[in-house]
Amino acid sequence: MPNRIALIGSGLIGCGWAVVFSRAGWDVALHDIKPGRAKQAVEDTKASLANLEACGFLESADACAQHLLPVGSLDEAIEGATFVQENVLETPEEKLAVFQELDRKVPGDIILGSSASTIPASKFTEHLDGRERCIIVHPCTPPYLVPLVEIVPAPWTAAATTQYCVDLMTDVNLVPILLHKEMYGFVLNRLQVALVNEAMHLVGQGVASPADVEKTLKNGLGLRWSFMGPFQTMDLAAPTGFKEYATKFGHSYRNMGKELGVAEEWSTDAIDQVDRFLRDEVPLDKLAERGQWRDRKLMKLASDTDN
Ligand SMILES: NC(=O)c1ccc[n+]([C@@H]2O[C@H](COP(=O)([O-])OP(=O)(O)OC[C@H]3O[C@@H](n4cnc5c(N)ncnc54)[C@H](O)[C@@H]3O)[C@@H](O)[C@H]2O)c1
């Protein structure tokens with residue numbers, strides 16, 4: 001039986017998965033509740049595949065595109081599926097409705113993944129008969145170029161389900177990390193939220209312009225963080241390594257930590273300022289084009305990465 005993934009929900013992330021799995025030679029069935037969306041999703045996926053091929057990241061976009069199959073119903077999507085990945089809206093109610101249907105209809109030995117980016121699986125799988133085969137498989141955007149994927153089992157997820165997903169993600173050229181316990185927002189988004197909330201707070205407080213905060217990441221923190229994490233960054237910022245850094249600077253982190261606006265509401269003024277800055281840079285009708293530009297930048301970076 002050929003490997004086949006059923007994608008339930010074919011928006012931005014569904015399309016991302018379609019690239020990842022078709023690139024790995026899997027058949028990909030795309031389903032979406034919105035009429036016409038699955039077909040459009042195939043076109044969007046083809047555009048990403050073509051961009052990857054043009055930059056030498058793929059041998060044949062056409063060969064990958066042969067694997068893409070838009071379908072009209074969930075039943076058609078799961079027919080013959082060897083793995084199912086849900087990518088609908090980020091609410092426990094939507095996830096629950098889809099997982100109830102999947103658990104009823106998909107054969108018991110097939111694993112059911114969810115792309116949820118903040119909601120743990122225990123919030124919508126507890127009362128399912130097949131709850132041990134349900135798990136969060138949370139990708140980045142776009143998953144075909146930003147390879148980290150968070151595997152987050154619920155307390156009742158079977159160890160075999162978790163292992164299957166870790167192996168599967170490795171097989172399709174992603175980089176899985178495994179969470180040992182559930183936590184709202186998982187790891188990546190918790191880190192991102194801490195930073196982004198403070199960025200909005202700094203703009204809202206009039207400390208720096210959106211353009212300068214953007215530069216701080218682009219020309220500062222982000223340069224280092226594109227190839228090493230915060231721990232290694234600190235290890236290289238004191239002559240005898242991390243422990244010296246922690247002794248010298250740990251108290252500054254604690255003091256600054258107390259002042260951070262990471263739990264503040266984003267102010268309307270900060271939202272307006274950031275929006276004006278972004279629309280001056282890229283008008284709305286050029287946003288999709290900008291997405292392709294981002295992908296090309298990521299490809300340049302990826303070709304330079306040696307880890
Ligand atoms: N956008 C991101 O950066 C990102 C990153 C990682 C994970 N995620 C997660 O992936 C999931 C999808 O996010 P997205 O950004 O692709 O959203 P999106 O709005 O682009 O796509 C969601 C799609 O699901 C469809 N849909 C809704 N209910 C459905 C149903 N019952 N059956 C079939 N299709 C249905 C919608 O019509 C829509 O096309 C969310 O849980 C989100 O948190 C998003």
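## A walk through two helix pairs and a loop

Start by selecting residues 12-23 and 37-54: these are helices α1 and α2, which pack with their axes 9 Å apart at an angle of about 55°. That angle makes α1 oblique to α2. Keep in mind that you're looking at a predicted model. Turn the view a little and you'll find that α1 passes α2 in a right-handed crossing.

Now show the side chains where the two meet. On α1, pick Gly14, Cys15, Ala18 and Val19; on α2, pick Ala41, Asp44, Thr45, Ser48 and Leu49. Colour this contact by class and you get 5 nonpolar, 3 polar and 1 charged.

Next, jump to residues 188-204 (helix α8) and 268-281 (helix α12), whose axes cross at roughly 95° and come within 8 Å. So here α8 is roughly perpendicular to α12. Select Met200, Val203 and Gly204 in α8, and you'll see them meet Asp269, Ala270, Gln273 and Val274 of α12. The class count for this contact is 4 nonpolar, 2 polar and 1 charged.

Last stop: leucine 174. Look for this residue in the loop between α7 (159-171) and β8 (175-178). Is leucine 174 buried or exposed? Leucine 174 is partly exposed, because 19 other C-beta atoms lie within 10 Å, and a residue needs 20 or more to count as buried.

To see what surrounds leucine 174, select Val20, Pro143, Pro147, Val149 and Met169, its contacts once neighbours within four places in sequence are left aside. Then draw a C-alpha to C-alpha distance from leucine 174 to valine 20: the two are 8.4 Å apart in space, although 154 residues apart in sequence.

How values were computed. Residues numbered from 1 in each chain as written. Predicted model: local features only at pLDDT ≥ 70, side-chain atom pairs only at ≥ 80, totals over all residues. Axes fitted to C-alpha atoms, helices over the stretch in contact; angles between N-to-C directions. Helix = DSSP H or I, 4+ residues; strand = E, 2+ residues; numbered from the N terminus. Parallel < 35°, antiparallel > 145°, perpendicular 65-115°, else oblique. Left-handed = near helix turned anticlockwise from the far one by under 90°. Contact = placed C-beta atoms within 7 Å. Nonpolar A, V, L, I, M, F, W, Y, C, P; charged D, E, K, R; others polar. Buried ≥ 20, exposed ≤ 12 C-beta atoms within 10 Å, placed from the backbone.
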